[in-house]
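Let's take a look around the inside of this protein. Here it is.

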Amino acid sequence: MDLLAALEAQVKPYRNRFPSHARLPATGRPREEILAEIAAMQEAEAPRWREGYASGAVYHGDDEHIAFLNQVYALHSQSNPLHPDLWPSAAKFEAEIVAMTARMLNGPETACGTLTSGGTESLLLAMKTYRDWARATKGITEPEAVVPVSAHAAFDKAAQYFGIRLIRTPVGPDYRADVQAVREAITPNTVVIAGSAPGFPHGVIDPIPELAALAAEHGIGCHVDACLGGFVLPWAERLGYPVPPFDFRLPGVTSISADTHKYGYGAKGTSVILYRTPELLHHQYFTAADWPGGLYFSPTFAGSRPGALSATAWAAMLAMGEEGYLEATRRILAAADQIKAGIRQIPGLQILGDPLWVIAVASDTLNIYQVMQEMAERGWVLNGLHRPPAFHIAVTLRHAQPGVVDRFLADLRAAVETVAANPERQTGMAPVYGMAAAAPPDMVRQVLTGFIDLLYRV
Ligand SMILES: Cc1ncc(COP(=O)(O)O)c(C=O)c1O
């Protein structure tokens, strides 16, 4: 079976449904026509996320919340934080988002940071910062980072981009970082270790107190990737859920990433990177003193940036408030508890580890990718995982709507029954996942390159 052809089969039918535009129209088209075309595409895809068929992806999604964010975006759509003289509001929004997030995560007085474009940028920046900090303060020229295998792929991206040697350490049977393995992987070139709160694949929280202590002992950085959990765990803790310490209350934690565009409920395109001290943050900044274009500085990777997105993140945080986040978390965790209880009653399925609301499901007896495919045929967009084969659902407010959990569990029971009755059947994406899990990584990388080409060519 040709993996790329299977992926192409997923993309092609959609492309053929809408007019193609491979060159500029000779004259501009009427705005109403363009709006109608865009609306048609939106209407085709919105029901799935709106009705709670997606894992993660849209974390709030109530109509009124979206309308509010859209209003805020419209007001600031021309804003660019690169020009604080023209848009002082953008810098104010970002400074206040950082301050509110730092306080939520128990940052000390010195805590500081920047708004970024998303979790990946926050992690890339953190890794670049530790590389440059270690070079400047310790003379380390061959930097290494130690990161559990479960930590996000953005760590690999950072290692590739910034010439950092990434050492991936194993997780234990509970899918949490193996602290002893991290300890053994630390060398004199290690600049940072990282843990996730929680990690993307299995939704479990690494033993951050132990990792932070290890980092403090070695005088190196400890980054906590709370992209997924930063805006959930503080409220889960208040609600009495078992949340181990993961934030700046641990003295060894030197930086934390937390995504405003996930459970912060802002529009897509923002995240926060926080550091314990400005000394670290300063290694993130870029400044140019002798460029003919004038005095230039930027806190993150991009030059010009969408100030409107900063405004929506700020507005979302103010509109939610502590009570709003607490209530949202209560609803999400209640839905997740129901989902976990339901899954535990389905013969053949197991939940991996002990997650709070990002729930990974595997099976010893069934082809789990075919279960995921059967769910896809019932409209669900879940996340396929490998090593071990599994899928997960990241529970959001969309799943806390009436009836969604029951529908998920009913569909999952039906999917499992279908797979159990037809153990040889492999359809849709099931064989793709199966082969990708078994194929050599170089081959899979080639396929993925082909897939990116496919997606971004007319
Ligand atoms: C734990 C974790 N870290 C980082 C990221 C990357 O975030 P983004 O997709 O916003 O770049 C994700 C995304 O799901 C995540 O779950």
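The domain bounds used here come from an automatic or database domain assignment. This is a predicted model, where local features need pLDDT of at least 70, side-chain atom pairs count only at pLDDT 80 or more, and totals for chains, interfaces and linings use all residues. Residues are numbered from 1 along each chain as its sequence is written, and side-chain values use heavy atoms, with hydrogens and water left out.

Let's start with the second largest pocket (on a 1 Å grid over the protein atoms alone, an open set of points where a 1.4 Å probe fits, with protein on both sides within 12 Å along at least five of seven lines; lining residues have an atom within 4 Å of a point). Domain 1 (3-63 + 321-446) and domain 2 (75-317) both give residues to its lining, so this pocket lies between them. Of its 21 lining residues, Val58, Ile66, Leu69, Ala267 and Lys268 are the closest to the centre. Helix α3 gives the largest share of the lining, six residues. Here's the lining by class:

| Class | Lining residues |
|---|---|
| nonpolar | nine residues |
| polar | eight residues |
| charged | four residues |

Now for the largest nonpolar core, which has 85 residues, with Ile193, Tyr263, Ile343, Trp357 and Phe408 making the most contacts inside it. A core like this is a set of buried (under 20% relative accessible area, 1.4 Å probe, protein chains only) Ala, Val, Leu, Ile, Met, Phe, Trp, Tyr and Cys residues joined through side-chain atoms within 4.5 Å. Helix α11 (residues 307-344) supplies its largest share, eleven residues.

Key
Buried < 20%, exposed > 50% of the residue type's maximum accessible area, 1.4 Å probe, protein only. Helix = DSSP H or I, 4+ residues; strand = E, 2+ residues; numbered from the N terminus. Nonpolar A, V, L, I, M, F, W, Y, C, P; charged D, E, K, R; others polar.
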